[in-house]
Each structure stands twice: as structure tokens, then as C-alpha cells.
There are 2 protein chains.
Amino acid sequence: MPVDRGRTKEEVAGEAWMAMYRFILGGEGQRNFHDACEHTGLAPGVLKTLLSLHPGQPQSMGELAETFRCDPSYVTSLVDGLESTGLAERRPHPGDRRVKDVVLTAAGEHRRDEAEKILSQPPEALDRLSFTELRQFRDLIEKIVGA
Amino acid sequence: MPVDRGRTKEEVAGEAWMAMYRFILGGEGQRNFHDACEHTGLAPGVLKTLLSLHPGQPQSMGELAETFRCDPSYVTSLVDGLESTGLAERRPHPGDRRVKDVVLTAAGEHRRDEAEKILSQPPEALDRLSFTELRQFRDLIEKIVGA
DNA sequence: TATTGTTATACTCTATAACTATA
DNA sequence: TATAGTTATAGAGTATAACAATA
């Protein structure tokens, strides 16, 4: 390890970012998500939509499109996927009848919980940290995400 | 925040994992990758392939398929994408002529560097940590990934 | 006239099945 | 006969363009 490694804050941030990035995208995260799709019987896109809906928090089609940075027409098909299986439903938005709000049904909330349970199974690699280190790590990452 | 939060190591690991997972998949990582695709002029899959090849380290088609957990036929099209633009080339594997090794060309190495430069741009959210916290965080994440 | 969402359509991504060459 | 890779093809995933309803 070179002595001048991570000299500036930007460099250290870059190093931390790349490590995290590779960790998630290099298999660990993908495997979990794939498992969650299989277990819930949902296609990846539909599951992603299910997860971004929260109980009691309607989201408009447009908001979902913005969240996913995708075309609104694709949101139509994603929400169709949820609605056809009774996991969510569209409701007229009070005040602007052009807008449609999407809300989870009771079944949707339940299915979402199942998916979250699978996704939150941490990869074994986290065992490389001690309990103390892990708490430290969790606090730091939560500070980063602004939780 | 509930008092009994993160009581066991498993719980804390789950909390840390979910925060990290959301951070990467919830936009920050996607944006960077999208930028890298645009800048390099490569389709997402092709860029992913470029990134998993390392200078001086040939990888067989089969190894790539295993890395991506995808069908070998898809690797064919991905490597075609690299080869048609002169970023990589196929070579007969010494010792087993069924196998084809994929290696980066000089142009490929250069393009790969460009992409890495963009991808390693850390999201601004990392600024929420102090320099000291950031170093701590980097050390922990690198311990996790086994660097 | 501008905006939200849908429909119809086409393009990209990825897998399955049948095939070729080598082992 | 079994394995590595390719070809042809089909199925998801996602976007673009034209449209209907509401503002």
C-alpha cells in the first residue's frame, strides 16, 4: 500500500466509493435481488417498483418515472404489473384528475415485507468486521445516506 | 430511533447492508454509470465487460459468463461489441483450442481508464463525513471487501 | 396551449436451442 | 461423448411518438 494513498479528502472518498460500488455490483447485491425476485415471483422491474412504494405514501406515476429516471410509458407497464396481481392500485389524485396516485394494497405491503426480508440478508463478507466495527460502519453509512 | 435497534450483530449487519444497498442502487451509482456509458460511447453491458477485463489478464469467454452469471451466448455478443470497436480481441487459448481468451488492446486499456475515472467520482453525499470519518469508513469497507 | 398518463410500436438486452469445432 | 463458443431466434425490458383527458 503506497504511503501517499488517500492524501486528500477527494481521494479517500474515491477509494471508499469504488470499494463500495464494486462490492454491491460485483455479485453480492445481485444475488440477493435475484433471490427476492424468485421468491416473490415478480420481474425485477416490478419488484423494484414494489420496493419504492411505501405503505400509506401514494406516489404519482410521474414521481415514479422520476425516481427510476425512466420514461413514463414504462412506469405504466410496471404499475400494470403490480395492479394485475393486486399488489397496488391506481387512484385519482385529489385536486388534479390528470394525475394518478399509486398505492400499495394490503397484499402489496405484505409482499413488500417478504422481499425486504430477503434483501436485508447481509452478505457474509460483513462478518469480517467485529461487532464494534460493524456498528461504526452502520453509523457512518447511515450518516452518508442521511438517515 | 427505537432503543432495541441493532441489538445483535446480524441486525446491525442487516441495517448497514440495506443502507449501502439503497445508496448504490437508489440513483447515485446509476447516474455515474450512465455518465460513463455516454462518455465512452459504450452500451451498459459492453462497458461492464470492458471494466471486468484487466490489462495483461486474459479471461476466457466462459470465465466472463461466470462472472456475469449470464448465458455464454450473451458473452459472445458483448465481446463482439468490444472487438468490433477494437477495444479487445479474442485469442486462442494455449493448450485448449476450444477456449478463447479475451484481452484488452491498448485502446481498450485507455478507454477503460477513462471509464474508471468517471466511475470513481464519488457522490457528493460522501461529503457528509469529515475527513477522519471518511478514512475510517474507507478502511472498514475495504476490510469488508477483503482489499 | 401545456401537462399527465396511455397505447402502439420499435429497439436493446438477455436467454434457449441447435450447431461447429475441439477434447 | 463432453465441453467452449457461436448462430439463429425468441422473449423480456425500455424508449419514442402519437394520442386522450384534464388543466
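A polar contact is a pair of N or O atoms within 3.5 Å; within protein, one atom must be able to donate a hydrogen and the other to accept it, and residues adjacent in sequence count only if both atoms are side-chain atoms. The model is predicted, so to speak of local features takes pLDDT of at least 70 and side-chain atom pairs count only at pLDDT 80 or more, while totals for chains, interfaces and linings use all residues. Residues are numbered from 1 along each chain as its sequence is written, chains are lettered from A and ligands numbered from 1 in the order in which they are written, and side-chain values use heavy atoms, without hydrogens and water.

**Exercise 1.** Find Arg138(A) and describe its surroundings.

*Solution.* Start with helix H6 (residues 131-145) of chain A, where Arg138(A) sits; helices are DSSP runs of H or I with at least four residues, numbered from the N terminus. Next, look at its side chain, which makes a polar contact of 3.3 Å with the side chain of Asp139(A). Finally, Arg138(A) counts as buried because its relative accessibility is 5%, and buried means under 20% relative accessible area (1.4 Å probe, protein chains only).

**Exercise 2.** Work out how chain B is related to chain A.

*Solution.* Begin with the general idea: two copies of a chain are related by a rotation about an axis and a shift along it. Here, a turn of 180° and a shift of 0.1 Å along the axis lay chain B on chain A with an RMSD of 0.2 Å, using a least-squares fit on the C-alpha atoms of residues with pLDDT of at least 70 in both. That is the relation of a two-fold axis. In chain B, the C-alpha nearest the axis belongs to Phe137(B), at 3.2 Å.

**Exercise 3.** Describe the protein surface near DNA strand D.

*Solution.* First, take the residues with a heavy atom within 4 Å of the strand: 19 residues surround DNA strand D, and among the closest are Asp71(A) and Arg90(B). Sugar and phosphate make up 74% of the strand's atoms that come within 4 Å of the protein. Now zoom in on single pairs. A base oxygen of DNA strand D is 2.7 Å from an N or O atom in the side chain of Ser73(A), and a phosphate oxygen is 3.1 Å from a polar backbone atom of Lys100(B). Last, ask which element contributes the largest share of this surface: H4(B) does, with 3 residues.

Note on methods:
Helices (H or I, at least four residues) and strands (E, at least two) are DSSP runs, numbered from the N terminus. Buried means under 20% relative accessible area, exposed over 50%, partly exposed in between (1.4 Å probe, protein chains only).
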